[in-house]
Amino acid sequence: MGTPETSREPCPDRIVDDIGGAFGMGAVGGSAFHFLKGLYNSPQGARFTGAAQAVRLNGGRIGGSFAVWGGLFSTFDCTMVYVRQKEDPWNSIVAGAATGGFLAMRQGVAASARSAAFGGVLLALIEGAGIALNKLLIAQQPMPIMMDEMPPPEELDSNKVTGKAWFGGGKEEEKKTGGSEVNILESFDAPPVPNFEYK
């Protein structure tokens, strides 16, 4: 099971991918929110028309805001990956802080610092929850039971071991060593035994 960092796109492509995903998420979520708000705030006879107009006015704007945030976050994340030469949760935390601070830069240094701290804490909580969920899911996965097939007790004679092919097509050859009789199966036409080891 790959970690979220290793299952993402490589860095230059990740920026475009995250911009599109953030725009889609913002457009769909914003449209649903403004549709319900338009239904609630419109007069009795024109509720659906008011809801559709609210979606037209606000859906793209919310999607664009999400796309800007997603693009900046991915850009800072890829910058951190390039600078640190490793991909871990610290990159996302620093990228969240940098994105929050950058977007609030027009409001002054104090507002930018508050927004950067909020972005860093929010991303730290998200990354911590992701790591905890990943550990929980790995701990709950059942380990496969490895059992070797043993022949029935009547075939486990101390003096004789008989080999049989799956479909009875094997040729048995007897070899005598030191007074005990051993039968060896020499058949190469049987299909390979499947391997069910967990990797």
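**How the helices get their labels**

Tutor: Start with α3 and helix α4 (residues 109–140), which pack at an angle of about 150° with their axes 7 Å apart. This is a predicted model, where local features need pLDDT of at least 70 and side-chain atom pairs pLDDT 80 or more, while totals for chains, interfaces and linings use all residues. Numbering runs from 1 along each chain as its sequence is written, and side-chain values use heavy atoms, without hydrogens or water.

Student: Why is α3 called roughly antiparallel to α4?

Tutor: Angles (0 to 180 degrees between N-to-C directions of axes fitted to C-alpha atoms, for helices over the stretch in contact) are what we compare. Under 35 degrees is roughly parallel, over 145 roughly antiparallel, 65 to 115 roughly perpendicular, and the rest oblique. The angle of about 150° is over 145, so α3 is roughly antiparallel to α4. Their crossing is right-handed, meaning that the near helix is turned clockwise from the far one by less than a right angle.

Student: What makes α2 oblique to α3?

Tutor: They pack at about 135°, with axes 8 Å apart. That value falls in none of the named ranges, so α2 is oblique to α3. The α2 and α3 crossing is right-handed too.

Student: And how do you know that α1 and α2 are roughly antiparallel?

Tutor: Helix α1 (residues 11–41) and helix α2 (residues 47–84) cross at roughly 155°, their axes coming within 5 Å. That is over 145, so they are roughly antiparallel to each other. Both are DSSP runs (H or I, at least four residues), numbered from the N terminus. The α1 and α2 crossing is right-handed. Residues of this contact divide into 20 nonpolar, 15 polar and five charged; Asp, Glu, Lys and Arg count as charged, and Ala, Val, Leu, Ile, Met, Phe, Trp, Tyr, Cys and Pro as nonpolar, with the others polar, Gly among them.

Student: Why is R14 with D77 called a salt bridge?

Tutor: The term needs a side-chain nitrogen of Lys or Arg within 4 Å of a carboxyl oxygen of Asp or Glu. For R14 and D77 the closest N and O atoms are 3.2 Å apart, so the pair qualifies. R14 sits in α1 and D77 in α2, so the pair ties together parts 63 residues apart in sequence. The structure holds three salt bridges.

Student: Which residues make the nonpolar surface patch?

Tutor: V68, W69, F102, L103 and M105 make a patch of about 470 Å². Helices α2 and α3 (89–103) each supply at least two of its residues, and V68 lies in α2.

Key. Patches are made of residues with over 30% relative accessible area and no salt bridge: like charges are joined within 9 Å, nonpolar side chains (Val, Leu, Ile, Met, Phe, Trp, Tyr) within 5 Å. Accessible areas come from the Shrake-Rupley method with a 1.4 Å probe; for residues, only the protein chains shown count as cover.
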